[in-house]
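The following questions and answers are intended for a reader who meets this structure for the first time. Please keep the sequence and the model in view while reading.

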Amino acid sequence: MSAADASFDVVVVGRGAVGAAAALGVAQSGLRVGWVGPAARSSVLDPDGGTPGEAWDSRVFALSPGTRELLRALRIWDAMPAARIAPVYDMRVYGGAEADAPELHLDAYSGRVDALAWIVENRTLVRTLDAALGFAGVASIDDAVTAMRVDEGPHGRAVLDLASGRSLAAKLVVAADGADSTLRTLAGIEPRVRDYGQRGVVANFDTSLPHGDTAFQWLGEQLGILALLPLPAASPERGRTSMVWSAPDALADELLALTPDALAERVAEATHRTLGVMTTITPAQSFALRLIRVPRLIAPRMVLVGDAAHAMHPLAGQGMNVGFGDVAVLLDVLRGREPYRELGDPLLWRRYERARREAVSLMQDATDGIKRAFGPLPAPLVGLRDLGWRAVARSDWIRRRMIAQAAR
Ligand SMILES: Cc1cc2nc3c(=O)[nH]c(=O)nc-3n(C[C@H](O)[C@H](O)[C@H](O)COP(=O)(O)OP(=O)(O)OC[C@H]3O[C@@H](n4cnc5c(N)ncnc54)[C@H](O)[C@@H]3O)c2cc1C
């Protein structure tokens, strides 16, 4: 095997937020880390180039208490500007698109958590992680992986070929290269993919009414799933909100073709003017929505994390949180490894796979189940679903369980 141009303990592939957190955590464990991926805007989530501290990024995430714990341990959470983070204390989810649809109310107080989630812009998260990676001495490589081979000789390693013609060697490769993962394909892992026939349309709005630190969501059949997430507002009397509208493809096309004023009016109308008059402050963007399941989370000298390992419907705002959950377990396995085990030891990574498989499929099943329940259904099932929704909305026990699950 030819010599590689550079050699690391661990190479993390993918410069999205999950790959960044993995690279930082591994480097903080004292290992030599290479972090490779195109620095350009190839991710669905890369910053959109707005001026720091001014424009609001249309891509925001609802980060869970579990994610906050990981980001605190990585010393990232407190480094993010507090003025760009909005806590969610209440969540109002409507089982229908109508103004009088039955409401499920979740609140941080009765769930005994600090907040149900925190809304953070992608740009804020990625920039803070980027800066920390520089301090941690991670080698950042602006390139793309095109091929991988594993050499299990006396000095077992994986070798990655890059688009530039260079190559990198590592004891372990962490594949964080997103839903269309090249690394997953190179490892021969065949994903099962289901297109939801919906696109996630995102945009931000100023609103004439305050949001009261509340996230709102309407689950409708024709409408799709429409969520308004709180953003830090300019004043206590007004509000600012980030929309995620999982709209059937034809409706998504319609929304994307609207002028900013027409879009604001359309969203205000669909949300029963809950936040009053709306004004579009960032242009709409859209993302394809797919369910992606993989038969294996590991391959020789490779571990899959983030969307490379699982993609899910964004209705519960959990995809990134589950990806950060992968990183937390990966770091636990690394730090708990016996001194005689080398980094590529398959026994080590089976621990990771065992620990993640159930948590990942639980979240995928839950989001897929809700998506299907509020998709087109025969009439008798619609009645049954509505009855079930009302029962869920009335049960304190179920609501507490839902908060505990979402808090992970
Ligand atoms: C509309 C919408 C709303 C969402 N809202 C939420 C939310 O509120 N909360 C939440 O938790 N999740 C949410 N999600 C899910 C979340 O966006 C994803 O789960 C998360 O961004 C995945 O991050 P990642 O780092 O795994 O992948 P990505 O961000 O896709 O990053 C992958 C990286 O790999 C790089 N790459 C690709 N191929 C190669 C290669 N060959 N070599 C090197 N690098 C490569 C890419 O350039 C990219 O930088 C939402 C998703 C959508 C679509």
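The turns below begin with the model itself and then treat the ligand, the core, the strands and some single residues.

Q: What kind of model is this, and how are its residues numbered?
A: Residues are numbered from 1 along each chain as its sequence is written. Local features need pLDDT of at least 70, side-chain atom pairs count only at pLDDT 80 or more, and totals for chains, interfaces and linings use all residues, since this is a predicted model.

Q: How many residues surround the ligand?
A: A residue is near a molecule or strand if its C-beta atom, placed from the backbone, lies within 6 Å of it. The closest residues to the ligand are Gly 16, Gly 178, Gly 200, Gly 306 and Gly 319. The number of residues that surround the ligand is 35.

Q: Which element gives the largest share of the shell around the ligand?
A: Helices (H or I, at least four residues) and strands (E, at least two) are DSSP runs, numbered from the N terminus. The elements that give two or more residues to the shell are helix 1 (17-28), strand 2 (33-37), strand 3 (60-63), strand 12 (192-207) and helix 8 (319-335). The largest share, four residues, comes from helix 8.

Q: How many residues of the shell around the ligand are charged?
A: Ala, Val, Leu, Ile, Met, Phe, Trp, Tyr, Cys and Pro count as nonpolar, Asp, Glu, Lys and Arg as charged, and the others, Gly among them, as polar. The shell has 17 nonpolar and 15 polar residues. Its charged residues number three.

Q: Which helix gives the most residues to the largest nonpolar core?
A: A residue is buried if 20 or more other C-beta atoms lie within 10 Å of its own, exposed if 12 or fewer, and partly exposed in between, with C-beta atoms placed from the backbone. A nonpolar core is a set of buried Ala, Val, Leu, Ile, Met, Phe, Trp, Tyr and Cys residues joined through C-beta atoms within 7 Å. Of the 113 residues in the largest nonpolar core, Val 173, Val 174, Val 303 and Val 305 touch the most other members. The most residues, nine, are given to this core by helix 1.

Q: Why is strand 11 described as largely enclosed?
A: Strand 11 covers residues 167-175. It is largely enclosed by the rest of the structure because nine of its nine residues are buried.

Q: Which residue of strand 19 is the bridge partner of Val 173?
A: Two strands pair if DSSP finds at least two bridges between them. Strand 11 pairs in the parallel sense with strand 1 (residues 6-13) over seven bridges, and with strand 19 (residues 302-304) over three bridges, also in the parallel sense. Four bridges join strand 11 to strand 10 (residues 157-162), and these two run antiparallel. In strand 19, the bridge partner of Val 173 is Met 302.

Q: Which residue in the hairpin of strand 10 and strand 11 takes a positive phi?
A: This hairpin has four residues between the strands. A phi near 100° is taken there by Gly 165.

Q: Is Arg 301 buried or exposed?
A: Arg 301 lies in the loop between strand 18 (298-299) and strand 19. Its phi is positive, about 60°, although it is not a glycine. With 25 C-beta neighbours inside 10 Å, Arg 301 counts as buried.

Q: Which strands stand at the edges of the open sheet with the order 3-7-4?
A: Three strands form this sheet, and the pairing is antiparallel. Each edge strand has a single partner strand, so one side of each is left without a neighbour in the sheet. The edge strands are strand 3 and strand 4 (86-88).

Q: Which residues are in contact with Ser 208, leaving aside its neighbours within four places in sequence?
A: Ser 208 is found in the loop between strand 12 and strand 13 (214-220). It is partly exposed, because 14 other C-beta atoms lie within 10 Å. Two residues are in contact if their C-beta atoms, placed from the backbone, lie within 7 Å. Apart from those sequence neighbours within four places, Ser 208 is in contact with Arg 238, Gly 276 and Val 277.
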